[in-house]
Amino acid sequence: MSALADHPYVKMNGLGNEIVVVDLRDRPEKLTAAEARAAASPEGAPFDQLMVLYPARTPGTDAFVRIYNTDGSEAGACGNGMRCVADIVFADTGKTALTFETRAGIINAWKGEEPLVSTVDMGAPKFGWRDIPLAEEFRDTRAIELQIGPIDAPILHSPSVASMGNPHAVFWVDDPWAYDLGKIGPLLENHPIFPDRANITLAAVTGPDHLTMRTWERGAGLTKACGSAACATAVSAARTGRTGRRVRVTLPGGDLIIDWRERDDHVLMTGPVEYEWHGRFDPALFAKDVTGAATAGGAAGR
Ligand SMILES: N[C@@H](CCC[C@H](N)C(=O)O)C(=O)O
């Protein structure tokens, strides 16, 4: 039986990025991809990311967090999800500063002045082609040779690429809403140049320190907000001379403030979170063999 069966969860969002948080700190069983997919089904608690808290495994950290996409894949980073998790642990512990560990490393979070506003330190971006990763060498990742559409009139081309603990490609356009990202996104996510797939963003510079963007998320599809993509977009804008290092980023779900700190190269992301409801997973959802493709009312229906 899955560790999630009958387990309580909290449904939250960070700017409309749908986040479900499950606390397994007293029951540290690793989930399978099929269990995560079942949890994401309409009969479960549909999410963009499932954030699962485990006991801390490194001294000085408050918890280890695993991040699952709707397709069951695991992500190293999820900025909005980390702000949701942090808000729960702020309330639990009374602390105003926390340190988490994810597959991508250590993430610090601070409670902000206003209610439900928090900042996460997403660490330093990586720009090396092996770190992103890309399938072949590119010395300059500010604009790589990649295009879709006719060779002489590409629809999209020359993205900036970066890792924020997960792989991102940012295509610079005049209007992010002028493209069918639901169609183009999966093609680019799975392009052979990205051996680990990639999050695909369309971004426009809409002011001296303002960006507007939409993202097709690896493993989750179109979302209202992707925090790590906002970070990747902001650092890519700064390193290509499009903006300064501190910007406001408008996503379909709202605004984030991204600050690429000069002194240590770390990227700080500030924004709100919202609580929606508390629920419990239906045990029947996990009653069948969730290690296989089909689940009771689960992944098979997606
Ligand atoms: N929504 C997240 C990013 C989620 C991870 C992504 N889909 C991946 O697999 O890399 C965020 O707020 O950063």
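This short talk walks through a few strands, one helix and one cavity in the structure above.

Hello everyone, and thanks for coming. Please keep in mind throughout that this is a predicted model.

Let me start with strand β4, residues 63-69. How many of its seven residues are buried? Seven of the seven, so to speak a full house. Now look at which way they point. A63, V65, I67 and N69 go to one side of β4, while F64, R66 and Y68 go to the other, and all of them are buried. That is the pattern you would expect in general, since side chains in a regular strand alternate between the two faces of the sheet. Both faces of β4 are covered here, then, with R66 and N69 among the buried residues.

Who are the neighbours of β4? Strand β3, residues 49-54, runs antiparallel to β4, and six bridges join the two. If you want a pair to click on, L50 has Y68 in β4 as its bridge partner. Strand β5, residues 74-75, also runs antiparallel to β4, with two bridges between them. There, I67 stands opposite A75. β4 and β5 make a hairpin with four residues between them, and in that turn G72 has a positive phi of about 90°.

The next partner of β4 is β6, and these two run parallel, joined by two bridges. You can find A63 opposite F100 in β6.

That brings us to β6 itself, residues 97-102. Five of its six residues are buried, so we can call this strand mostly covered under the usual cut-off of under 20% relative accessible area. On from there, six bridges tie β6 to β7, residues 105-111, and this pair is antiparallel. T99 sits opposite N108 in β7. The link between β6 and β7 is a hairpin through two residues.

Let me turn to the helix, α2, which covers residues 79-93. How far does α2 reach from its first C-alpha to its last? The span is 21 Å for 15 residues, close to the 21 Å expected at 1.5 Å a residue. Twelve of those 15 residues are buried, which leaves α2 mostly covered. The buried ones are G79, N80, G81, M82, R83, C84, V85, A86, D87, I88, V89 and F90. Just after α2 comes G94, with a positive phi near 75°.

Last stop, the cavity. Searching the whole structure for cavities of 30 Å³ or more turns up one. The largest cavity has a volume of about 90 Å³. Its lining has 14 residues, and Q49, A77, N166, E217 and S228 lie nearest its centre. What classes of residue make up this lining? Four are nonpolar, eight polar and two charged.

And where is the largest cavity placed with respect to the domains? Domain 1 (7-120 + 275-286) and domain 2 (129-265) both contribute residues to the lining, and therefore the cavity lies between them.

That's my tour; I'm happy to go back to any of these on the screen.

Terms used: Residues are numbered from 1 along each chain as its sequence is written. This is a predicted model: local features need pLDDT of at least 70, side-chain atom pairs count only at pLDDT 80 or more; totals for chains, interfaces and linings use all residues. Side-chain values use heavy atoms; hydrogens and water are left out. Buried means under 20% relative accessible area, exposed over 50%, partly exposed in between (1.4 Å probe, protein chains only). Two strands pair if DSSP finds at least two bridges between them. The expected span of a helix is 1.5 Å times one less than its number of residues. On a 1 Å grid over the protein atoms alone, a cavity is a set of points where a 1.4 Å probe fits but cannot get out, and a pocket is an open set with protein on both sides within 12 Å along at least five of seven lines; lining residues have an atom within 4 Å of a point. Grid points are joined across faces, edges and corners, and a volume is the space filled by probe spheres set on the points. Ala, Val, Leu, Ile, Met, Phe, Trp, Tyr, Cys and Pro count as nonpolar, Asp, Glu, Lys and Arg as charged, and the others, Gly among them, as polar. Domain bounds come from an automatic or database domain assignment.
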